[in-house]
Structure formats: C-alpha cells, structure tokens
Amino acid sequence: MANLSQKAFGWAATDTSGVLSPFHFSRRENGADDVTIKILYCGICHSDLHTAKNEWGFTKYPVVPGHEIVGLVTKTGSNVESFKVGDRVGVGVLVGSCRTCDICQQDLENYCRKMIFTYNSTDKDGTRTYGGYSDIIVVDQHFVLRFPDNLPSDAGAPLLCAGITVYSPMKYYGMTEPGKHLGVAGLGGLGHVAVKFGKAFGLKVTVISTSPKKEAEAINKLGADAFLVSSDPVQLKAAMGTMDFIIDTIAAVHPLAPLLDLLKMNGKLVTVGLPDKPLELPIFPLVLGRKLVGGSDIGGMKETQEMLDFCGKHGITADIELIRMDYINTALERVSKSDVRYRFVIDVGNSLASL
Ligand code: NAP
Ligand code: ZN
Ligand code: ZN
C-alpha cells in the first residue's frame, strides 16, 4: 500500500463538462528515488482540455490536469544526487516508464508501453496520478528536469510539453536543415513554439492558420516569414508544392489534402495534434508525390533536457498569458476557441494557496 501522507490541494474536473473546482487529495510520501516539488507555474495544454472533457474517451474522474510544471524542490530521497532542496526543476508529460525495455534503453521513455502520464494514469503503486494544477507533486528523479538558469519559470513552463512535442519530431524527421521550408499548421501553444524552433534552426517558416487574425503577430513578433490562411484557395494555390515539411499541430478534425498539396515532392507531413476523431488520409497526393505522413508523441527525458538547454542557449520561451488559478475555467473555454496568445500559464505559487 502506498503511504499517501503528503496533503495536496489542486483543481480537478469531475465530469465531462470539464469544469474544474477545488480538490483536496494526498500524494505519496517522498521515497528514496523521489523528489517533492512545490509547484510555482503550470502551463495549460490543449491536452488538458481534451482530458478534462473526456474527448479521448479514457479520462477517469476526478482528474487534476497539468503537465507543464515548474517548481522548487522541497524534499529529496536518499538515492537522489542530482537535485537538492531549493533547485528549480521541471516536470512534463511523463512521470514513469518501465526503464528496462528496449525502448526505454534508447531514452525513448515516451514510447514505453508502461509509460505513466503525469495525470490521468495509474502510478506504479496503484494510485492515480494527478497533475500540475496543484500545490505539490512527487516525482521519481529520472522524470525530473533541470531548469536552465536563464529561462524564466513562467514563460519557460510550456516548453515541457509544447516545446518538446515539436522539437522532437523536428529533430527526428530532419526538419533542421537551414534554408529548408517549414509549414506550421495551427498557431496555438505548440505551433508558436514550432515557429521559434524553425527560425532557430535557420528554416524559412510559413504559418498555416484558420484566419488572418494572427498574421501580423506571427510575422512581426514570432518571426515567421510568411502566413497562409487555410480557407483562402487563392493563397493555398500560390503556395502549392513549396514546402519541405509541415508540422501539423491542429487540435480538431481538419482536411489533410490542402496540407499535402503544399508539400514538395518527397515532402513530410508530421502530425502532433490529437483530434478526438480520425482524419481522412487522401492517398493520391501521397503516392503521386512520394510524400510521407508521420506522427510523434512528446519526447524522452534525455531529449527533453537537451531541448530545455537549447532553449536556454537560444533564449526561446513561450509567449504567455499569466493567469490566476481561479481563472482556469474561463481559460479552458478560451483554449477551446483558439483564443490565447499563445499559452496560458497558471501562477500556481501565488494564486492557489490564497484561495
Ligand atoms: P492550441 O493552443 O489550442 O492550438 C491548436 C491550434 O489548432 C489553434 O490555435 C488553431 O490554430 C488550430 N485549430 C483549432 N481548431 C481548429 C479547426 N477546427 N480547424 C483548423 N485549425 C484549428 O493547442 P495545443 O496545446 O497547441 O495542442 C494542439 C494539439 O496537439 C492538441 O490536440 C493537443 O492535444 C495535441 N498535443 C499533442 C502532443 C503530442 O505529444 N503529440 C503533445 C501536446 C499536445 P489557428 O488559430 O492558427 O487556426
Ligand atoms: Zn501537453
Ligand atoms: Zn520501457
């Protein structure tokens, strides 16, 4: 039996309305390999919304979302040497894996069949995992990240999911060659970080968005080279066959044909968005253009640390709207309408305890 002796407080969704409310619960006592963290900031990922509303069909209520966590270490177990009390650390989407399978041995814990998510999962001790919309979290040291000194805790928090989710496929699928042309479909939390990585890798970056609303910011603030409105057939036609790769971060069902048409021969479309229903895959443009469609799921711990260090070096952070915990339901409603520039981050440390 787990020793659930650490009192915790957070906000949980309790049914498919996805509405969150204050929730008292317990976390395990800090074990020999554990780090207990006082949470300062937590980003709001669209996956939090999908889960709170059970859009993917595997939510177990109550669920405390949040997997873009930055905080301070308050306790370390006897086997922990890399972290000490007071260190600033991060926790992302995963808090466990088997650590022994061939996938884990390749530092790809994110694809381990026994991977444990930061929330809405069953932990090794049989208890439920609860995420970062809460005051403290207890995590095995292997799944804790060092947070580079020059990254701000609030605007750096979204890197722990949004950042690694686009960084990992960009590396794996070879989207890092300077001068190549990258399309970023969907300018939300993931998409806006993909634009920044694209520019850091020396790519030409074109944003593909549903409306012209974000155009000026995409170009002037985020550094994109061009902007395409996906509902404008004239713009799409003019850009046909010009992109080497597209990273598709769109959170809802959408047609793939226009994106495939934007690719050059041998182009790659990599999907990271997770709409709640399948997408239709048009075969002709794939076959006739020798194109490739791939997917990718966050990243392993080693690569996540590499990504954080890369962001520290290149000064890459998210553009955020900092909110109080009690704004969460309005924030989630706004995420559902793509009305955020470009990531909400909850000021957990200053607004949760004072409720
Ligand atoms: P987000 O901030 O809400 O951004 C998603 C963007 O998708 C929106 O800003 C919007 O871009 C576009 N969009 C939304 N509805 C659309 C529609 N009906 N048609 C066309 N475009 C639409 O979400 P996020 O946090 O970046 O997450 C994006 C997706 O990735 C979610 O499904 C999330 O669950 C998934 N995700 C996957 C992983 C992974 O490891 N694979 C990790 C994290 C998140 P415009 O305003 O520019 O049109
Ligand atoms: Zn996420
Ligand atoms: Zn494994």
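What share of the contacts in the protein chain with a separation of 6 or more is accounted for by residues 24 or more positions apart? In this predicted model, the share is 69%. Such contacts link residues whose C-beta atoms lie within 7 Å, even though the residues stand 24 or more positions apart along the chain.

The overall form of the chain may be considered next. Its secondary structure comes to 12 helices and 17 strands. The radius of gyration is 20 Å, close to the 20 Å that the globule rule gives for 355 residues, and the chain is therefore as compact as a globular protein of that length. Along the principal axes, the C-alpha trace spans about 60 × 40 × 35 Å. Of the 355 residues, 46% are buried; a residue is counted in this group if 20 or more other C-beta atoms lie within 10 Å of its own.

The chain can also be read in terms of its domains. The domain assignment gives domain 1, made of residues 6–161 + 320–351, and domain 2, made of residues 162–295. The centres of domain 1 and domain 2, taken over C-alpha atoms, are separated by 28 Å. Where the domains are in contact, domain 1 contributes 15 residues and domain 2 contributes 12 residues. On the side of domain 1 that touches domain 2, helix α1 gives the most, with 3 residues. By class, the residues on that side of domain 1 are 7 nonpolar, 5 polar and 3 charged.

A record adds an annotation to this picture. An unreviewed UniProt entry places the feature "domain: Enoyl reductase (ER)" at residues 18–346. The C-alpha atoms at the two ends of residues 18–346 lie 17 Å apart, and the span is 26% helix and 26% strand.

The final part of the structure to examine is the surroundings of ligand 1. Which residues are the closest to ligand 1? They are His 46, Gly 186, Gly 188, Ser 209 and Thr 210, within a shell of 29 residues. This shell draws at least three residues from each of domain 1 and domain 2. Three helices, α1 (46–52), α4 (162–172) and α5 (189–200), each supply at least two residues of the shell. Helix α1 thus appears in two settings: among the residues around ligand 1, and on the side of domain 1 that touches domain 2. By class, the shell around ligand 1 consists of 12 nonpolar, 15 polar and 2 charged residues.

Conventions
Residues are numbered from 1 along each chain as its sequence is written. Chains are lettered from A and ligands numbered from 1 in the order in which they are written. This is a predicted model: local features need pLDDT of at least 70, side-chain atom pairs count only at pLDDT 80 or more; totals for chains, interfaces and linings use all residues. A residue is near a molecule or strand if its C-beta atom, placed from the backbone, lies within 6 Å of it. Helices (H or I, at least four residues) and strands (E, at least two) are DSSP runs, numbered from the N terminus. Ala, Val, Leu, Ile, Met, Phe, Trp, Tyr, Cys and Pro count as nonpolar, Asp, Glu, Lys and Arg as charged, and the others, Gly among them, as polar. Domain bounds come from an automatic or database domain assignment. The radius of gyration is taken over C-alpha atoms; the globule rule is 2.2 Å times the number of residues to the power 0.38. A residue is buried if 20 or more other C-beta atoms lie within 10 Å of its own, exposed if 12 or fewer, and partly exposed in between; C-beta atoms are placed from the backbone. Two residues are in contact if their C-beta atoms, placed from the backbone, lie within 7 Å. UniProt positions are given in the numbering used here, feature names are shortened, and annotations may be inferred rather than shown by experiment.
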